[in-house]
Amino acid sequence: MAAELAGGLALGLLLVAPPFLPAYFLEILISVMLFGYLGAAWNILGGYAGQFSFGHAAYFGIGAYTSTLLFLRLGVTPWLGMLAGGVLAAAFGLFAGYLSFRYGLRGPYFSLVTLAFAEMLRVVAVNTKAVGSSLGLVIPSREAAPVDFVFAGKLPYYYVILAMTLGAVWITRRLERSKLGYSLRAIRENEDAAEASGVDALGMKLRAMALSSFLTALGGTFYAQYFAYIDPSITFGPAVSIQGLLQAIVGGAGTVLGPVVGAFVLTPVSELSRAMIRGRAGVDVMVYGLVLILVISFLPNGLMGWVSRRPARGRS
Amino acid sequence: MFSLDLLLQAVVSGVLLGGVYGLVASGLSLIFGVLRIINFAHGAVMMLAMYATYWLFALLHVDPYLSIVVTGPAFFLLGMLIQRVVIEPNRFAAEHNQLLLTLGLALFLENLALVLWQGDFRTVRPAYANASFTLGEALVEVPRLVACAGAVVMALALFGFLRLTDVGKAIRALAEEPEGAMLMGIDVGRIRAVAFGIGAGCVAVAGALVTPFFYVAPDVGESFNIMAFVVVVLGGMGNFVGALLGGFIVGLAESLGATALPGSLKQLVVFALFVLVLLFRPAGLFGGGRGR
């Protein structure tokens with residue numbers, strides 16, 4: 001009961017408080033939501049199916065580039081471009097996933113191959129003039145046009161990413177109680193045993209891959225619209241892949257709220273470290289590295305795992 | 001455009017860089033063989049070694065090759081320390097968590113360097129940095145030749161060490177049969193630390209060997225790290241000779257790719273090779289490795 005109350009209160013605050021926040025905090029909150037969203041998308045494949053992708057930047061980049069190119073070249077609204085990017089990313093995810101799973105890549109080998117796929121896309125983007133090569137693409141500043149995913153001020157962007165994050169959390173919650181969710185967890189715990197019990201491991205993992213890459217791509221479009229600038233290393237670089245994974249691992253991989261909790265902890269930590277040591281690039285990522293080491297060492301199941309392992313009160 | 005001279009030059013450059021890849025990968029392969037960890041921080045340790053070489057040269061005018069006498073043992077100890085403090089306490093953690101542990105370590109070290117020394121490219125240019133001679137129509141830069149020869153010598157020395165000494169034999173025993181090794185009274189914790197130390201020592205030597213013709217920057221280890229992954233997968237995880245041979249193959253693929261393709265598309269050749277080998281020969285081209 002207490003958990004529901006706290007959840008409801010937190011949700012209420014997230015809905016009502018932002019208009020009264022100073023711009024700086026609103027920006028941080030948008031970052032929290034975006035990273036939480038990316039973490040939730042990664043979590044479906046990494047947390048539930050136990051397939052640790054190190055290359056989710058591939059889908060993020062496909063989403064960002066598809067909607068931006070469709071808009072700049074053909075004038076298609078990014079709202080539609082977003083869906084197109086998601087479908088394209090899911091198709092690429094299915095392709096990469098089919099190859100990897102079909103040939104039995106597991107554990108670290110899967111991580112390495114996903115990293116390689118993302119890096120290949122980055123190299124292609126850098127070397128393709130038609131997509132702006134290493135200079136990237138700028139979405140020219142215009143009048144606010146909600147139809148074209150352009151808003152005045154930051155607040156509307158906040159509500160968009162809040163809705164996306166709540167959507168991802170809702171999907172994860174549905175997933176957790178579905179046949180797919182149970183199958184994925186069975187595969188994560190012991191793939192051979194799951195297959196022996198009749199779970200179609202390849203099909204289930206591919207479904208997780210498609211869903212996870214589709215959602216990640218939507219995040220890419222949001223990023224492109226919010227910052228109005230993308231380039232190959234921002235969108236396809238390893239940093240994006242690590243961001244998503246980090247939120248989920250720190251918050252608790254394979255839990256519904258883990259990635260969002262992770263983002264609420266990590267983003268302020270990164271902001272604080274940057275504020276404490278000014279003018280030095282890299283401080284925040286250095287702290288991320290340290291946090292990752294500490295979390296793996298002392299809270300291997302993340303913050304949510306730590307919370308739920310404390311003496312049980314009420315239902316778990 | 002694709003003349004014979006260019007081809008010859010590409011082969012020479014590829015082979016020379018391939019030796020260094022081979023040494024970096026040997027260290028990675030040894031760590032994998034003994035600890036069963038794909039060490040994402042391998043390149044970051046190499047980067048630190050390159051900074052050590054740089055500072056010894058810039059502040060104390062120590063020749064990069066001579067600095068190996070200091071950095072080699074120092075990084076061996078640093079490797080042992082990292083293994084003891086960060087990795088050993090988590091040796092029973094899930095496989096993917098151990099992978100993330102080294103990823104965290106890589107992020108930490110790389111950005112520590114960025115915080116301490118900023119992102120500027122630094123170079124070490126001793127008097128012989130531009131020495132070269134021609135071999136037929138191909139130009140051979142002396143520092144690259146030294147790097148390749150030094151790397152191969154170091155790799156062979158390591159091979160001899162693993163074959164002939166008691167510690168070396170213990171390392172191989174642990175890689176092959178951990179439980180059997182433990183039952184034979186091998187101090188498993190110590191051997192694991194030694195293996196990680198040797199891996200760090202390998203990249204320290206490789207780092208010192210490349211600084212006379214390379215740049216030093218916080219992210220310089222990343223490309224070597226990726227190359228080492230490719231090499232190790234190609235040569236077979238834990239297969240030592242395979243790592244050295246794989247180094248030459250990847251070096252050649254990279255430099256031939258650079259000759260045939262414009263811009264940075266050469267990296268595509270290496271990644272494509274990587275994906276193909278992972279998919280079709282995950283145990284490595286030469287067998288003996290442990291795939292999947």
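## Two cysteines and the overall fold

At 8% relative accessibility, Cys148(B) counts as buried (under 20% relative accessible area with a 1.4 Å probe, protein chains only; over 50% would be exposed, and in between partly exposed). This is a predicted model, where local features need pLDDT of at least 70, side-chain atom pairs count only at pLDDT 80 or more, and totals for chains, interfaces and linings use all residues. Residues are numbered from 1 along each chain as its sequence is written, chains are lettered from A and ligands numbered from 1 in the order written, and side-chain values use heavy atoms, leaving out hydrogens and water.

Back to the cysteines. Over all chains there are zero disulfides (pairs of cysteine sulfur atoms within 2.5 Å). Here's how the two compare:

| Cysteine | Relative accessibility | Nearest cysteine sulfur |
|---|---|---|
| Cys148(B) | 8% | Cys202(B), 15 Å |
| Cys202(B) | 0% | Cys148(B), 15 Å |

Now for chain A. Its 14 helices and two strands are DSSP runs (H or I, at least four residues, for helices; E, at least two, for strands). The radius of gyration of chain A is 19 Å, which agrees with the value near 20 Å for a compact globule of 316 residues; this is taken over C-alpha atoms, and the globule rule is 2.2 Å times the number of residues to the power 0.38. Along the principal axes, the C-alpha atoms of chain A fill a box of roughly 55 × 45 × 40 Å.

Buried residues account for 55% of the 316 in chain A. Take its contacts (heavy atoms within 4.5 Å) between residues at least 6 apart in sequence: 77% join residues at least 24 apart.
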